[in-house]
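Open the model in your viewer and keep the selection panel at hand. This tour goes from stop to stop, with something to select at each one.

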Amino acid sequence: MHPIEVLLVEDDPGDVLMTKEAFEEHKLGNRLHVVSDGVEALRFLRREGEFADAPRPHLILLDLNLPRKDGREVLEEVKSDDNLAHIPVVVLTTSEAEEDVLRSYRLHANAYVPKPVDFEQFIRVVRQIDDFFVTVVRLPKS
(Lines give C-alpha, C1' and ligand atoms only; values in the text may rest on other atoms or scores of the structure.)
Protein backbone atom coordinates (compact mmCIF):
# COMPACT_ATOMS: atom_id res chain seq x y z
CA MET A 1 0.00 0.00 0.00
CA HIS A 2 1.21 3.45 -0.91
CA PRO A 3 0.41 6.49 1.18
CA ILE A 4 -2.53 8.45 -0.10
CA GLU A 5 -2.81 12.20 -0.41
CA VAL A 6 -5.74 13.55 1.58
CA LEU A 7 -7.07 17.09 1.23
CA LEU A 8 -8.87 18.36 4.32
CA VAL A 9 -11.07 21.39 3.61
CA GLU A 10 -11.84 22.74 7.07
CA ASP A 11 -11.97 26.24 8.57
CA ASP A 12 -12.24 25.24 12.25
CA PRO A 13 -8.71 25.12 13.74
CA GLY A 14 -9.87 22.70 16.45
CA ASP A 15 -11.22 20.23 13.88
CA VAL A 16 -8.04 20.58 11.82
CA LEU A 17 -5.97 19.80 14.92
CA MET A 18 -8.11 16.78 15.83
CA THR A 19 -7.89 15.43 12.28
CA LYS A 20 -4.11 15.86 12.27
CA GLU A 21 -3.93 14.10 15.63
CA ALA A 22 -6.06 11.23 14.33
CA PHE A 23 -3.67 10.79 11.43
CA GLU A 24 -0.57 11.03 13.66
CA GLU A 25 -1.94 8.96 16.53
CA HIS A 26 -3.02 6.23 14.15
CA LYS A 27 0.47 6.27 12.62
CA LEU A 28 -1.03 6.78 9.22
CA GLY A 29 1.41 7.11 6.39
CA ASN A 30 -0.97 9.28 4.46
CA ARG A 31 -0.20 12.87 3.70
CA LEU A 32 -2.73 15.37 4.99
CA HIS A 33 -2.99 18.72 3.24
CA VAL A 34 -5.21 21.41 4.74
CA VAL A 35 -6.96 24.42 3.25
CA SER A 36 -9.37 26.59 5.17
CA ASP A 37 -11.99 27.70 2.64
CA GLY A 38 -13.68 26.69 -0.57
CA VAL A 39 -11.73 29.08 -2.79
CA GLU A 40 -8.43 27.65 -1.55
CA ALA A 41 -9.77 24.11 -1.99
CA LEU A 42 -10.51 24.68 -5.67
CA ARG A 43 -7.17 26.44 -6.22
CA PHE A 44 -5.40 23.46 -4.57
CA LEU A 45 -7.33 20.96 -6.68
CA ARG A 46 -6.73 22.91 -9.88
CA ARG A 47 -3.09 23.56 -8.93
CA GLU A 48 -3.36 27.32 -9.26
CA GLY A 49 -1.15 30.05 -7.76
CA GLU A 50 0.73 28.95 -4.65
CA PHE A 51 -0.72 25.44 -5.15
CA ALA A 52 0.90 24.96 -8.57
CA ASP A 53 2.97 22.04 -7.22
CA ALA A 54 0.20 20.54 -5.07
CA PRO A 55 -0.27 16.79 -5.35
CA ARG A 56 -3.54 15.48 -6.72
CA PRO A 57 -5.43 14.18 -3.68
CA HIS A 58 -6.78 10.65 -3.63
CA LEU A 59 -9.45 11.67 -1.11
CA ILE A 60 -11.14 14.91 -0.05
CA LEU A 61 -12.56 15.45 3.44
CA LEU A 62 -14.93 18.38 3.01
CA ASP A 63 -16.70 20.54 5.57
CA LEU A 64 -19.89 22.17 4.29
CA ASN A 65 -19.83 25.41 6.24
CA LEU A 66 -16.83 27.25 4.86
CA PRO A 67 -15.97 30.92 4.27
CA ARG A 68 -15.77 32.50 0.81
CA LYS A 69 -17.20 29.44 -1.01
CA ASP A 70 -19.10 26.86 0.96
CA GLY A 71 -18.60 23.11 0.77
CA ARG A 72 -21.77 22.55 -1.22
CA GLU A 73 -20.42 24.77 -3.99
CA VAL A 74 -17.02 23.08 -3.80
CA LEU A 75 -18.62 19.65 -4.07
CA GLU A 76 -20.70 20.73 -7.06
CA GLU A 77 -17.64 22.16 -8.85
CA VAL A 78 -15.45 19.13 -8.09
CA LYS A 79 -18.03 16.63 -9.29
CA SER A 80 -18.78 18.60 -12.47
CA ASP A 81 -15.09 18.94 -13.41
CA ASP A 82 -13.89 16.03 -15.58
CA ASN A 83 -10.37 16.35 -14.14
CA LEU A 84 -11.57 16.14 -10.52
CA ALA A 85 -14.86 14.19 -10.54
CA HIS A 86 -13.15 10.85 -9.90
CA ILE A 87 -11.76 11.97 -6.51
CA PRO A 88 -13.86 10.56 -3.66
CA VAL A 89 -15.35 13.27 -1.45
CA VAL A 90 -16.39 12.56 2.12
CA VAL A 91 -18.52 15.33 3.57
CA LEU A 92 -17.39 15.65 7.20
CA THR A 93 -19.56 18.28 8.82
CA THR A 94 -21.46 19.35 11.90
CA SER A 95 -24.68 19.67 9.90
CA GLU A 96 -27.14 16.86 10.40
CA ALA A 97 -29.84 18.64 8.41
CA GLU A 98 -31.62 16.23 6.08
CA GLU A 99 -31.50 18.82 3.28
CA ASP A 100 -27.67 18.89 3.52
CA VAL A 101 -27.50 15.09 3.46
CA LEU A 102 -29.77 14.87 0.40
CA ARG A 103 -28.09 17.71 -1.44
CA SER A 104 -24.62 16.26 -0.79
CA TYR A 105 -25.59 12.89 -2.22
CA ARG A 106 -27.37 14.54 -5.16
CA LEU A 107 -24.09 16.34 -5.84
CA HIS A 108 -22.38 12.92 -5.80
CA ALA A 109 -20.63 12.97 -2.43
CA ASN A 110 -19.21 9.52 -1.73
CA ALA A 111 -20.19 9.65 1.93
CA TYR A 112 -21.79 12.01 4.43
CA VAL A 113 -20.38 11.80 7.96
CA PRO A 114 -21.65 13.98 10.80
CA LYS A 115 -18.76 15.20 12.96
CA PRO A 116 -18.88 13.87 16.50
CA VAL A 117 -18.32 16.57 19.11
CA ASP A 118 -16.52 14.20 21.48
CA PHE A 119 -12.74 14.10 20.85
CA GLU A 120 -12.38 10.29 21.09
CA GLN A 121 -15.35 9.70 18.80
CA PHE A 122 -14.02 12.26 16.32
CA ILE A 123 -10.65 10.47 16.26
CA ARG A 124 -12.41 7.11 15.77
CA VAL A 125 -14.51 8.45 12.87
CA VAL A 126 -11.49 9.91 11.07
CA ARG A 127 -9.62 6.62 11.52
CA GLN A 128 -12.58 4.66 10.15
CA ILE A 129 -12.79 6.91 7.10
CA ASP A 130 -9.09 6.51 6.53
CA ASP A 131 -9.15 2.73 7.10
CA PHE A 132 -11.98 2.34 4.61
CA PHE A 133 -10.35 4.39 1.87
CA VAL A 134 -6.85 2.97 2.44
CA THR A 135 -7.49 -0.71 3.12
CA VAL A 136 -10.94 -1.55 1.75
CA VAL A 137 -11.58 0.36 -1.45
CA ARG A 138 -9.40 0.82 -4.50
CA LEU A 139 -8.82 4.48 -5.30
CA PRO A 140 -8.04 5.76 -8.79
CA LYS A 141 -4.46 6.77 -9.42
CA SER A 142 -3.81 10.51 -9.20
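The stops below run from an annotated residue through a strand and a cavity to a helix and some loop positions.

**Stop 1: D63**

The model is a predicted one. Select D63 to begin. UniProt lists D63 for "modified residue: 4-aspartylphosphate", in an unreviewed entry. Look for D63 in the loop between β3 and α3 (71-79). Is D63 buried or exposed? With 4% relative accessibility, D63 counts as buried, because the cut-off for buried is under 20%.

Now show what surrounds this residue. Leaving out residues up to four places away in sequence, D63 touches V9, E10, D11, G71, L92, T93, T94 and K115.

**Stop 2: strand β4**

Select residues 89-93, which form strand β4. Five of the five residues are buried, so β4 is largely enclosed by the rest of the structure. Turn the strand to see its two faces. V89, V91 and T93 point one way, while V90 and L92 point the other way. Both sets are buried.

Add β3 to the view. β3 and β4 run parallel, and three bridges join them. To find one of the pairs, select L62: its bridge partner in β4 is V91.

**Stop 3: the largest cavity**

How many cavities of 30 Å³ or more does a search of the whole structure find? The search finds two. Go to the largest cavity, with a volume of about 40 Å³. Select its lining: L8, V9, E10, D15, T19, L61, L62, D63, L92, K115 and F122. Three elements each give two or more residues to this lining: β1 (5-9), α1 (13-25) and β3 (59-62).

Colour the lining by class. Six residues are nonpolar, one is polar and four are charged. Two residues from earlier stops appear here: D63 and L92 are among the lining residues, and D63 also touches L92.

**Stop 4: G38 in helix α2**

Select residues 38-45 to bring up helix α2, then pick G38 within this helix. G38 has 0% relative accessibility and therefore counts as buried. What is G38 in contact with, leaving aside its neighbours within four places in sequence? The contacts are L66, P67, K69 and V74. For a distance check, draw a line from G38 to V16. The two residues are 22 apart in sequence, and their C-alpha atoms are 15 Å apart in space.

**Stop 5: two residues with positive phi**

Select R68 in the loop between β3 and α3. R68 is not a glycine, yet its phi is positive, about 65 degrees. At 61% relative accessibility, R68 counts as exposed.

Jump to H108, in the loop between α4 (98-106) and β5 (111-114). H108 is not a glycine either, and has a positive phi of about 75 degrees. H108 counts as exposed, at 53% relative accessibility.

**Stop 6: Y105**

Finish on helix α4 and select Y105. Its relative accessible area is 39%, so Y105 is partly exposed. Which residues does Y105 touch, not counting those up to four places away in sequence? Show N110, A111 and Y112. As a last distance, join the C-alpha atoms of Y105 and D11. They are 94 residues apart along the chain and separated by 22 Å. D11 brings you back to the start, as it is one of the residues that D63 touches.

Notes: Residues are numbered from 1 along each chain as its sequence is written. This is a predicted model: local features need pLDDT of at least 70, side-chain atom pairs count only at pLDDT 80 or more; totals for chains, interfaces and linings use all residues. Side-chain values use heavy atoms; hydrogens and water are left out. On a 1 Å grid over the protein atoms alone, a cavity is a set of points where a 1.4 Å probe fits but cannot get out, and a pocket is an open set with protein on both sides within 12 Å along at least five of seven lines; lining residues have an atom within 4 Å of a point. Grid points are joined across faces, edges and corners, and a volume is the space filled by probe spheres set on the points. Helices (H or I, at least four residues) and strands (E, at least two) are DSSP runs, numbered from the N terminus. Ala, Val, Leu, Ile, Met, Phe, Trp, Tyr, Cys and Pro count as nonpolar, Asp, Glu, Lys and Arg as charged, and the others, Gly among them, as polar. Buried means under 20% relative accessible area, exposed over 50%, partly exposed in between (1.4 Å probe, protein chains only). Contact means heavy atoms within 4.5 Å. UniProt positions are given in the numbering used here, feature names are shortened, and annotations may be inferred rather than shown by experiment. Two strands pair if DSSP finds at least two bridges between them.
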